[in-house]
Amino acid sequence: MANDESNQPEAVGNARRSGAGSPSAPSPPEPPAAPFAWQPLTPRGVAAFASATIGRLLLIQLIVALLAAGATVCALRLAWFPSIRAAIRQLPEQGVIRHGKLNLSHAPVAPLAENRFLAVAVNLENQRAASSIADVSVEFHQANFQVCALLGCLVFDYPKNWQVEFNRPELEPLWGAWEPNILWLAALGMIVLLLLSWALLATLYFGCARVVAFYANRALTTGAGWRLAGAALMPGALILALGILGYGLGVVDLLRLGVLFALHFIVGWIYLIVSPLFLPRLSVVAPLSVNPFSAPPAP
């Protein structure tokens with residue numbers, strides 16, 4: 001009997017500490033865990049980058065940029081560089097560009113090299129040349145050279161202070177030494193260009209993502225919107241990289257490559273508009289745990 005009376009205050013204290021018998025506010029539901037961001041190929045995958053770190057976004061962007069750089073290098077090696085090497089082998093033994101003039105020991109009577117991608121020719125008399133089947137044609141005249149493509153021709157004069165050897169014995173070993181370096185520079189330039197352009201476009205686009213999230217009642221801060229916009233550009237970049245590789249393999253012509261270039265912007269806009277719809281709703285992210293207008297619970 002004495003033991004029961006002595007244990008009664010302790011039980012009452014435990015009950016008071018545990019809150020038994022007294023009303024308490026319901027515990028707020030925990031927000032769902034943030035999805036793991038690893039692929040920007042689907043709208044849900046792009047939306048996951050809103051809650052990821054900027055380091056993860058830069059890692060994925062670097063991988064995509066490396067793929068695009070690899071496609072560019074393959075296209076150059078397969079499409080353009082064979083014509084350049086063949087054109088150098090057809091140059092005469094003596095030739096130089098000096099004081100803004102191209103002087104050759106003898107002018108070739110036919111194009112130096114030509115395929116469906118690139119044609120190189122010498123036309124010292126600047127006569128009307130026959131139409132070429134190549135996507136890009138480069139023609140050297142006595143005082144200038146012109147580059148023609150799908151949209152027209154650009155003419156460039158030789159600088160007056162130039163003195164460049166324009167013959168096979170000089171250019172063939174020089175091109176052989178510089179060809180790997182040109183490929184490395186093209187790959188590095190593509191990576192830097194893509195990373196900078198993605199950062200700029202994400203800065204311009206993230207406001208659109210925030211507007212969509214606002215009207216869809218989704219949670220999206222400024223930093224999260226910037227990361228989502230940066231990830232939304234990746235699917236279009238992959239499409240463009242596949243187009244560049246297809247051009248080098250001869251599957252895609254220059255006109256279709258231009259269409260894919262325009263399409264990769266449209267794909268980015270589509271992902272930018274659709275991906276915020278896969279973000280958590282505001283009611284789930286920030287629930288009201290306590291009503292500020294209700295009376296405090298009775299003791």
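How many disulfides does a search of the whole structure find? The search finds one disulfide, and a search for salt bridges across the whole structure finds five. The model described here is a predicted one, and the points below take the salt bridges first and then the cysteines.

**Salt bridges between helix α3 and helix α4**

- Side chains of opposite charge can pair when their charged atoms come close.
- One such pair is Arg85 and Glu179, whose side chains meet in a salt bridge with a distance of 2.7 Å from N to O.
- Because Arg85 belongs to helix α3 (residues 54-89) and Glu179 to helix α4 (residues 168-215), this pair ties together parts that are 94 residues apart in sequence.
- The two partners fall into separate classes of accessibility, since Arg85 has a relative accessibility of 27% and counts as partly exposed, whereas Glu179 has 13%, which is under the 20% limit, and therefore counts as buried.
- A salt bridge also joins Glu172 and Arg89, with their closest N and O atoms 3.8 Å apart.
- This pair, too, links distant parts of the chain, as Glu172 is in helix α4 and Arg89 is in helix α3, 83 residues apart.
- Glu172 is partly exposed, with a relative accessible area of 33%, and Arg89 is likewise partly exposed, with a value of 45%.

**A network of salt bridges**

- Arg89 and Glu172 also belong to a network of salt bridges, in which they are linked with Glu93 and Arg168.

**The salt bridge of Asp253 and Arg256**

- The side chains of Asp253 and Arg256 meet in a salt bridge, with 2.8 Å from N to O.
- Asp253 is partly exposed, with a relative accessible area of 22%, while Arg256, at 52% relative accessibility, counts as exposed, because the exposed class begins over 50%.

**The disulfide and other cysteines**

- A disulfide is a covalent bond between the sulfur atoms of two cysteines.
- In this model the disulfide is formed by Cys148 and Cys153, whose sulfur atoms are 2.0 Å apart.
- The link of Cys148 and Cys153 is right-handed, with an angle of 110° about the S-S bond.
- Of these two residues, Cys148 counts as buried at 13% relative accessibility, whereas Cys153 is partly exposed, with a relative accessible area of 46%.
- Two further cysteines can be described by their accessibility: Cys74 counts as partly exposed at 36%, and Cys208 is partly exposed with a relative accessible area of 36%.

Conventions
Residues are numbered from 1 along each chain as its sequence is written. This is a predicted model: local features need pLDDT of at least 70, side-chain atom pairs count only at pLDDT 80 or more; totals for chains, interfaces and linings use all residues. Side-chain values use heavy atoms; hydrogens and water are left out. A salt bridge is a side-chain nitrogen of Lys or Arg within 4 Å of a carboxyl oxygen of Asp or Glu. Helices (H or I, at least four residues) and strands (E, at least two) are DSSP runs, numbered from the N terminus. Buried means under 20% relative accessible area, exposed over 50%, partly exposed in between (1.4 Å probe, protein chains only). A disulfide is a pair of cysteine sulfur atoms within 2.5 Å.
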